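Please open the model in your viewer, switch to a cartoon display, and keep the sequence panel within reach, since each stop on this tour begins with a selection.

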Amino acid sequence: MTRPLARPAFEVLELDHVVLRVRDQAVSQRFYTEILGLTLDHVNEPIRLIQLRCGRHLLDLLPLADGESAGPTARMDHVCLSLHCSDLPALADFLRARGVTVEGDVVSRRGAFGESASLYIRDPDGYRIELKPRMAGGYS
């Protein structure tokens, strides 16, 4: 009888990156850089991957294959971006003025850094993105 393998010592620290499959990389890149303020970190031409810097993490944009039509909510509900923002309703107005779909109102939700106000938006591919200000000190 074989003994089950022991769980090796490891600790998940935090997310490293999230990959979004997008219809138009240029449109998505402009949205995330010009509207949300992420910065271009790296482009891997051979696999057509664009990596955008999001604080310590990366948001990767990978194009859908020709004819592929994977819906944005097929397997993922949303990605939450932690941010510094003292006026989330004003940010919602700013985003709406730029044609960004804002879902609902600013409401309090619990996340990795505690309970605080947040807002849901949709990116150009329909992915739901939660914008959640982080309180001073990391936890609210």
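Begin by selecting the hairpin of β2 and β3, where four residues lie between the strands and Arg48 takes a positive phi near 60°. Bear in mind throughout that this is a predicted model. The two strands of the hairpin, β2 and β3, run antiparallel and are joined by five bridges.

Next, select Thr39, which lies in strand β2, residues 39–44. Is Thr39 buried, exposed or partly exposed? Its relative accessibility is 43%, and because partly exposed covers the range between under 20% for buried and over 50% for exposed, Thr39 counts as partly exposed. Across the strand pair, the bridge partner of Thr39 in β3 is Arg53. If you display the surroundings of Thr39 and set aside its neighbours within four places in sequence, you will find it in contact with Thr33, Gln51, Leu52 and Arg53. A distance label drawn between the C-alpha atoms of Thr39 and Cys54, which are 15 residues apart along the chain, should read 7.3 Å.

Now select the whole of β3 and follow it onward from Arg53. Five of the six residues of β3 are buried, so this strand is largely enclosed by the rest of the structure. Besides its pairing with β2, β3 is joined by five bridges to β4, and these two strands run antiparallel. Arg53 stands opposite Leu58 in β4, while Arg53 is also the bridge partner of Thr39. Between β3 and β4 the hairpin has two residues, and Gly55 in the turn has a positive phi of about 65°.

Move on to the open sheet by selecting β5, β8, β7 and β6, which is the order in which these four strands are arranged, with mixed pairing. The edge strands are β5 and β6, each of which pairs on one side only. On average, neighbouring strands of this sheet are turned by 30° against each other, direction ignored. Within the sheet, look at β6 and β7, which run antiparallel and are joined by eight bridges; to pick out one pair, select Arg109, whose bridge partner in β7 is Ser116. Then add α2 to the display: this helix lies across β5, β6, β7 and β8, and runs at about 150° to β6.

The next stop is the largest pocket, which has a volume of about 960 Å³. Which residues should you select to reach its centre? The closest, out of 38 lining residues, are His57, Cys80, Leu81, Ser82 and Arg134. Elements that give two or more residues to the lining include β3 (49–54), β4 (57–63) and α2 (88–97), already visited above, as well as β1 (17–22). The most comes from β5, with five residues. If you colour the lining by class, it shows 20 nonpolar, eleven polar and seven charged residues.

Finally, zoom out to the whole chain. The protein has two helices and eight strands, and, read along the sequence, these follow the pattern β-α-β-β-β-β-α-β-β-β. Of its 140 residues, 33% count as buried. Among contacts between residues at least 6 apart in sequence, 50% join residues at least 24 apart.

Terms used. Residues numbered from 1 in each chain as written. Predicted model: local features only at pLDDT ≥ 70, side-chain atom pairs only at ≥ 80, totals over all residues. Heavy atoms only, no water. 1 Å grid on protein atoms, 1.4 Å probe; cavity = no way out; pocket = protein on both sides within 12 Å on 5 of 7 lines; lining within 4 Å. Points joined across faces, edges and corners; volume = space filled by probe spheres on them. Nonpolar A, V, L, I, M, F, W, Y, C, P; charged D, E, K, R; others polar. Buried < 20%, exposed > 50% of the residue type's maximum accessible area, 1.4 Å probe, protein only. Contact = heavy atoms within 4.5 Å. Pairing = 2+ DSSP bridges. Axes fitted to C-alpha atoms, helices over the stretch in contact; angles between N-to-C directions.
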